[in-house]
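Me: Please give me a close look at one part of this structure. Pick a single strand and follow its connections outward. Keep it brisk.

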Amino acid sequence: MGALGCLDLQNTQFRGSPVTPNMPAPSEITVPTETPVTKSITVDKSGDRVRDMFAQIAPRYDLMNHVLSLGIDIRWRKQVVRMLNLDSNLPILDCCTGTGDLALMLARQVAGRAEVIGSDFCAPMLERAAAKHQAQLGEAPVRFVQADSQQLPFDDNMFQAVTVAFGLRNVQDTDLGIAEMIRVCAPGGQVCVLEFSQPTLPGFRQLYQAYFRHVLPRIGQRFAKNNQAAYDYLPNSVLEFPSGAALVERLEHAGLQQVMIRPLTLGVASIYLGRKPTA
Ligand SMILES: C[S@@+](CC[C@H](N)C(=O)[O-])C[C@H]1O[C@@H](n2cnc3c(N)ncnc32)[C@H](O)[C@@H]1O
């Protein structure tokens, strides 16, 4: 699978077309009435917009993540690693890997027994992932590849596990993103999604949504020195994205079996874990 720890931004040794998707127009989403937000939200997830937004916030992405989540995001990713069964030698893919935190944790867990690949379509995020890899893991086999999750440049059935952390809701065509994760996963392998979800506990749910909609974008904007759109995008993209049973249904409809949900921190985030059928 090529050199260890290389940043393969040109995507030369994989099949598939260059990673510059032609994205359709943004979709109009009406938030379900059971959520407190009843207005219609337009979330522009066109590839160029999402890529540019992450390119802009890349230098401060890790700091922002840890500040805004009070460091809990690290525990959530560790939980993903704990839940996966990683005893094969087949490689592992972390899609929408961003600055690579989950890919690096996976590499630490398998300790050279299996190669870990982190893919993302945003070069500045991947550059940070590669720098962390150099600093933290040295020669452990992690490779970062620039690729659109809607068109993964990998053969069918090649990974023992395919993960995505806080990435799937940013992929313009969610079902295509899920289908690609399943396609490249080996039969019997695991597909795992870590994503924000809606807390269900009355009182906490309202408090959390107020923080998420009103406080978090302001702090984010100030710290990240970014245009407002990037941190307005966060609550809007989370509120319109399916969570809980709705996402399980999407994953099962795409072909996964035995999909289970593990709510984290009172349901602020959830892990969804399913298996690709063996035949
Ligand atoms: C919120 S960050 C999550 C990064 C990382 N997984 C983490 O846990 O912090 C979302 C990432 O998804 C990437 N992304 C969004 N849409 C994508 C797509 N269609 N293909 C590949 N990467 C995508 C962005 O570039 C960004 O790095």
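Reply: Helices and strands here are DSSP runs, at least four residues (H or I) for a helix and at least two (E) for a strand, numbered from the N terminus. The model is predicted. The part to look at is strand 7, residues 159-165.

Start with burial. A residue counts as buried if 20 or more other C-beta atoms lie within 10 Å of its own. In strand 7, 7 of the 7 residues meet that mark, so the strand is largely enclosed by the rest of the structure.

What pairs with strand 7? One partner is strand 4, residues 92-95. The two strands run parallel, with 4 bridges between them. To find the register, put I92 opposite A161 of strand 7. Another partner is strand 8, residues 185-196. That pairing is also parallel, over 6 bridges. Here V164 faces V193 of strand 8. Helix 6 (residues 174-184) belongs to this arrangement too: strand 7, helix 6 and strand 8 form a right-handed β-α-β unit.

Now one residue of the strand, V162. In a regular strand, side chains alternate between the two faces of the sheet. Leaving out residues up to four places away in sequence, V162 touches L93, C95, M181, V184, C185 and V191. L93 and C95 fall within strand 4, residues 92-95. M181 and V184 fall within helix 6, residues 174-184. C185 and V191 fall within strand 8, residues 185-196. V162 is also one of the residues that touch the most other members of the largest nonpolar core. That core has 65 residues. V116, C192 and L194 share this standing with V162.

Follow strand 8 outward. It pairs with strand 10 (residues 269-275) in the antiparallel sense, over 7 bridges. E195 has S270 of strand 10 as its bridge partner. Strand 10 has 6 of its 7 residues buried, so it too is largely enclosed by the rest of the structure. Strand 9, residues 257-264, joins strand 10 through 6 bridges, again antiparallel. L264 stands opposite A269 there. These two strands make a hairpin with 4 residues between them, and T265 takes a positive phi near 50 degrees in it.

Go back to strand 4 and step past its end. C96 sits in the loop between strand 4 and helix 4. C96 is not a glycine, yet its phi is positive, about 50 degrees. Is C96 buried or exposed? It is buried: 26 other C-beta atoms lie within 10 Å. L70 offers a contrast. Its phi is positive as well, about 55 degrees, and it is not a glycine either. L70 lies in the loop between helix 2 (61-68) and helix 3 (72-83). Only 12 or fewer such neighbours make a residue exposed. L70 has 8, so it is exposed.

C96 leads to the ligand. It is among the closest of the 22 residues that surround the ligand, along with G98, C122, A165 and N170. A165 brings us back to strand 7, which spans residues 159-165. Helix 1 (47-57) and helix 4 (101-110) each supply at least two residues of this shell. Helix 1 gives the largest share, 4 residues. By class, the shell has 10 nonpolar, 8 polar and 4 charged residues.

Note on methods: Residues numbered from 1 in each chain as written. Predicted model: local features only at pLDDT ≥ 70, side-chain atom pairs only at ≥ 80, totals over all residues. Pairing = 2+ DSSP bridges. Right-handed = clockwise from strand over helix to strand, strands pointing away. Near = placed C-beta within 6 Å. Nonpolar A, V, L, I, M, F, W, Y, C, P; charged D, E, K, R; others polar. Core = buried A, V, L, I, M, F, W, Y, C linked by C-beta atoms within 7 Å. Contact = placed C-beta atoms within 7 Å.
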